[in-house]
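The following report concerns aromatic rings and selected side-chain contacts. The sequence and the structure are shown first.

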Amino acid sequence: MIYRSLLFIVLFIFFGCSKTDSNTTTRAIITLKEGWKFQKGSHPNAISIGYDDTNWESVTVPHDWAIYGPFDKEIDKQDVAIVQNGETVATEKTGRTGALPYIGEAWYRNTFDIPNYNENKKVLILFEGAMSEPEVFINGKKIGEWKYGYAYFYFDISKHIKATNNTLAVKLNNNGLSSRWYPGAGLYRNVRVIVKNQENINQWGTFITTPNITDKIAQVNVKTNVTGDNLKLITTIFDANGKKVNSNETSTRFGNQFEQNIAVNNPVLWDTENPYQYTAVSKLYAGNILKDEVTTKFGIRDIKYDRESGFNLNGIPTKFKGVCLHHDLGPLGTAVNKSALRRQLKILKDMGVNAIRSSHNMPSFEQLELCDEMGFLFLAESFDEWKKTKVKNGYNLYFDDYAEKDVVNLVRATRNHPSIIMWSSGNEVPDQWGSEGVKRAKWLQDIFHREDPTRPVTVGMDQVKAVMESGFGAIMDIPGLNYRVHLYEDAYKRFPQGFILGSETASTVSSRGVYHFPVEKGSMVQHDDYQSSSYDLEYCSWSNLPEDDFILQDNKPWVLGEFVWTGFDYLGEPTPYDEVWPSRSSYFGINDLAGLPKDRYYLYRSRWNTKDKTLHILPHWNWEGREGKTTPVFVYTNYNSAELFLNGKSLGVQTKNNSSPQHRYRLMWMDVTYEPGTLKVIAFDDQGNPAAEKEIKTSGKPHQLVLEPDTSTIKANGEDIAFVTVSVVDKNGIPCPTATNQLKFKVDGKGVYRAACNGDATSLEMFHLPTMKLFSGKLVVLVQSTKETGNISLMVSGDGLQPAKVELKSVQ
Ligand code: GAL
């Protein structure tokens, strides 16, 4: 949070590169985005000041070196039994980590200056994520190392720097067999140099809580850790319009900490509908001289977990309508990008999602800022592994030396985010077995409590019987169950807490726009095309269909809600096709890897988005060759009943009912006989009146490309991205849902082509090359800004198709 704070300081400077100077007297932040040199392989001499890196690749950071591929099945081919998937016999697996070349050593180099340098300056270097095993060298000397690629960490480099031309070298190393998904590679999150005075507010040293709230007044408690003598702290609170609300001055210090209680009258509370944030500006003086200044955004909100009413936000019982997210951003890999994260959250908001779980590691600061701003609840996780091994070179190698430090940094860096409502110390850790694991669970939970007494801790538990026996589940603040719907009741009875969280649910699999026949439920079903059916009836041997979770939440008031696996597809873990090639990304997503909604999106939307109506028909209606064959039709809607018509002929009314879990939440016409034409659904309100209708049509041949950008303007900051959905229609403008045309992309003007993605988990086309096939009639092109303002055009063409062009604007 202090990191966020730093971004807002009045005297703040934001260097695009390291060569700029400034006159700042309190603190400066140099964000090292540009000027980087990068090279794979081992380069021990690269630590030295005069090392010649002119032939190294020039890159900007955040950077993911492995996303440029190529995909190669040999990279992560493993003979392995995935124990947590219930396997006992080893088989050959491919694509588990995305089949991308993330393994090995690589180096980054850069130089930077220190504004207003003098020997008394306190200088830190902060890494918000470095994948992995970073070793950091400044001016030829090693100044520190870390291990976990997801950790935030910083070093004090005051003693190693000079005024200008400091040489920074970072060595990274990724081991094979170190992850269960695509971990990415490189300096994939920001690197910052922070320059302060000797008298200063410590890194992540501000902790703001709101322990007492009424309509009339809120207590804002501000604890500030500082360094220096004879100090005075003035903290001023501003509302969201920048209007001063209240202020407090103190020079009473306990140890290295100031504590202030500041009243906010008639507080506006932060919640998911109105994510209102206040700002605290902390000014540190020595005598009358301003020495440091930090700005911290925060929300006034109350969270409570109650055995009667579950989770309460500001006194209102609230179920988690959540999704789990891995950290990759599909075609961008793991290089953090705020516009890609914002787009994801917009899509999820429309679906009715109110909560995110950062599975299974520390979230990016950018994602947390967006969740604060857009109104999402956040479950911030730390580890997928403790001391017992899941993957040979996983966190088990570092647990003893790093677990406490990693948790401390996670909490201190992020605890002021109002969105965070729970911590998770682990996911399906094998330490669920045995008494040592119970001790570890308690040890970690106690660290979270010590660092943040305001939020509870969970672990995503899959070994439910074991944790019932051992006491592991009983000591958790919040018992989280991953899957195991059949054990919820038992766990509720056996555990003392009085509620159960669906920390991970569903793991239903599907491929956007692909449907298989006959339409039937099945576990670990494989099809010849290596795609899973979008009738949404296929799941994993350890998991279930969405409705099994809906039923628990609707029937059992003690279920706190759920976090579905996953909101978006991610690179790696191509279950149920991890034994066949090519398949290199997941099928679990409610949205595909390109961010395009699958049918399941509408199933969740019909339940979770209570403001807008949903009426969605599946499958598509282009079934040449299926004439006369049974082709079931499903409708996902929040209406209770609807009538289906094929070419004007009624196929009857369906009403939601309790005859099966699916009938309770979907409308299904199982015996429709396919004929091309128009499929139309009319939904009825509770009085039986027609309330909404929707139709889909059989299309002719692909004729014309259609481009739909998610925005018409982007910021000229070299990072902002417009996501352009490309589809193809026939000559009558009807979408062609099965088109697979090979397309080409060309960007002109003040933007660049960044990547494309079609959501096909079996595609081996590289995202950064300006050509790709449509998958189920669609793909998404990412156009990125440069630092110049002006017009940008994207031209998309394909053989035999009318090309299409879209104009965008890049603005200040
Ligand atoms: C869970 C695990 C996730 C993912 C998922 C796939 O058991 O926590 O990381 O592997 O299964 O269904």
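## Charges over aromatic rings

In this predicted model, Lys405 is positioned over the face of Trp146, 5.1 Å from the ring centre. A second such arrangement involves Lys613, which lies over the face of Tyr639 at 5.1 Å from the ring centre.

## Aromatic pairs

A pair of aromatic rings is described by the distance of the centres and the angle of the planes. The structure contains 44 aromatic pairs. One of them is formed by Tyr152 and Phe365, whose rings are tilted, with 4.4 Å centre to centre and 50° between the planes. This pair links distant parts of the chain, 213 residues apart. Tyr152 belongs to the loop between strand S9 (141-145) and strand S10 (153-156), whereas Phe365 belongs to helix H3 (residues 365-374).

Are the two partners buried or exposed? Tyr152 has a relative accessible area of 1% and is therefore buried, given that buried means under 20%. Phe365 also counts as buried, because its relative accessibility is 1%.

## The pair between helices H4 and H5

Phe399 and Trp443 form an edge-to-face pair, with 5.9 Å centre to centre and 65° between the planes. The angle is over 60 degrees, so the pair is classed as edge-to-face. Phe399 is located in helix H4 (residues 399-414) and Trp443 in helix H5 (residues 435-451), so the pair ties together parts that are 44 residues apart in sequence.

The accessibility of each partner can be stated separately. Phe399 is buried, with a relative accessible area of 2%. Trp443, at 35% relative accessibility, counts as partly exposed, because that class covers values between 20% and 50%.

## An aromatic cluster

Phe399 and Trp443 are also members of one aromatic cluster. The other members of this cluster are Tyr148, Tyr150, Phe383, Trp386, Tyr395, Tyr398 and Phe472.

## The surroundings of Asn173

Asn173 lies in strand S11 (residues 166-174). Its relative accessibility is 19%, so Asn173 counts as buried, the cut-off being under 20%.

Which residue does the side chain of Asn173 meet in a polar contact? The partner is the side chain of Glu133, at 3.1 Å. When residues up to four places away in sequence are not counted, Asn173 touches Gly104, Glu105, Ser132 and Glu133. Glu133 thus appears both in the polar contact and among the residues that Asn173 touches.

Key:
Residues numbered from 1 in each chain as written. Predicted model: local features only at pLDDT ≥ 70, side-chain atom pairs only at ≥ 80, totals over all residues. Heavy atoms only, no water. Phe/Tyr/Trp six-rings, centres within 6.5 Å; stacked < 30°, edge-to-face > 60°. Helix = DSSP H or I, 4+ residues; strand = E, 2+ residues; numbered from the N terminus. Buried < 20%, exposed > 50% of the residue type's maximum accessible area, 1.4 Å probe, protein only. Lys NZ or Arg CZ within 6 Å of the ring centre and 35° of its normal. Polar contact = N/O pair within 3.5 Å; in protein donor to acceptor, adjacent residues only side chain to side chain. Contact = heavy atoms within 4.5 Å.
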